[in-house]
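Student: I have a model open and want to learn how to read its features. Can we take them in turn?

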Amino acid sequence: MNVHWSNPYEGTKGFHLKGSLHTHTPNPKSGCGSVPMDELIGIYEKMGYSFMAVTNHNIVTDVSGASSKKFTVLPGIEIDMSGKYHFGVVHSDASAIYHEPLLTQQEMIDKNIAAGALVTLHHPDWQLNEHYL
């Protein structure tokens with residue numbers, strides 16, 4: 001299968017930033033990622049990215065001191081709802097990210113949006129695959 005990635009904003013006027021809102025880094029509490037954060041930052045910078053959000057599973061990873069003048073690292077989390085539904089929460093203030101496993105997915109989404117976070121749906125087609133049913 002060939003995949004062609006294109007920039008839908010190429011050639012348009014305005015201010016655009018390229019970034020990743022779903023990045024995993026090694027964290028023993030979440031079991032995510034294998035590439036250390038400093039290496040990921042270098043990879044993303046070489047690819048022309050301006051920012052990334054670290055969204056490890058069910059834990060807000062400390063990203064303090066990771067940003068530089070030319071690259072921003074944002075705190076986030078990928079909330080895993082019993083292995084079925086995953087959504088990401090990104091906020092410039094890690095302490096404002098709300099994660100309470102006893103609440104429903106919608107309640108956590110609503111609380112994070114109310115706190116000013118960006119909430120994104122991760123892997124929306126997983127439920128269509130047999131091994132996730």
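Student: How many aromatic pairs does a search of the whole structure find?

Tutor: Keep in mind that this is a predicted model. The search of the whole structure finds one aromatic pair.

Student: Which rings form the pair, and at what angle are their planes?

Tutor: Plane angles between 30 and 60 degrees count as tilted. Here the rings belong to Tyr44 and Tyr49, and their planes are at 50 degrees, so the pair is tilted. The ring centres are 4.6 Å apart.

Student: Are Tyr44 and Tyr49 buried or exposed?

Tutor: Both are buried. Both also belong to the largest nonpolar core.

Student: How many residues does that largest nonpolar core have?

Tutor: Ten. Besides the two tyrosines, its members include Met37, Leu40, Ile41, Val63 and Phe71. Look next at the supply: helix H1 (37-46) and strand S2 (51-54) each give at least two residues. The largest share, four residues, comes from H1.

Student: Is there another core apart from this one, and how many residues has it?

Tutor: Another core, of nine residues, lies apart from it. Ile77, Ile79, Met81 and Val89 are among its residues.

Student: Back to Phe71. What does Phe71 touch, beyond residues up to four places away in sequence?

Tutor: Phe71 touches Ile41, Tyr44, Glu45, Tyr49, Ser50, Phe51 and Met52. So the contact list of Phe71 includes both tyrosines of the aromatic pair.

Student: Now a polar residue. Where does Thr61 lie, and is Thr61 buried or exposed?

Tutor: Thr61 lies in the loop between S2 and strand S3 (72-81). The cut-off for buried is under 20% relative accessible area. At 8%, Thr61 counts as buried.

Student: Which side chain joins that of Thr61 in a polar contact?

Tutor: That of Asn56, at 2.7 Å. Leaving aside neighbours within four places in sequence, Thr61 is in contact with Thr25, Asn27, Met37, Val54, Asn56 and Gly76.

Student: And Val90: which strand holds it, and why does Val90 count as buried?

Tutor: Val90 lies in strand S4 (residues 85-90). Its relative accessible area is 7%, and buried means under 20%. Beyond residues up to four places away in sequence, Val90 touches Leu21, Ala53, Thr55, Leu74, Pro75, Gly76, Ala117 and Leu118.

Student: One last ring. Which charged end sits over the ring of Tyr98?

Tutor: That of Lys111, 5.2 Å from the ring centre.

Notes:
Residues are numbered from 1 along each chain as its sequence is written. This is a predicted model: local features need pLDDT of at least 70, side-chain atom pairs count only at pLDDT 80 or more; totals for chains, interfaces and linings use all residues. Side-chain values use heavy atoms; hydrogens and water are left out. A nonpolar core is a set of buried Ala, Val, Leu, Ile, Met, Phe, Trp, Tyr and Cys residues joined through side-chain atoms within 4.5 Å. Buried means under 20% relative accessible area, exposed over 50%, partly exposed in between (1.4 Å probe, protein chains only). Contact means heavy atoms within 4.5 Å. A polar contact is a pair of N or O atoms within 3.5 Å; within protein, one must be able to donate a hydrogen and the other to accept it, and residues adjacent in sequence count only if both atoms are side-chain atoms. Rings of Phe, Tyr and Trp (its six-membered ring) pair if their centres lie within 6.5 Å; planes under 30 degrees apart count as stacked, over 60 as edge-to-face and the rest as tilted. A charge sits over a ring if NZ of Lys or CZ of Arg is within 6 Å of the ring centre and within 35 degrees of the ring normal.
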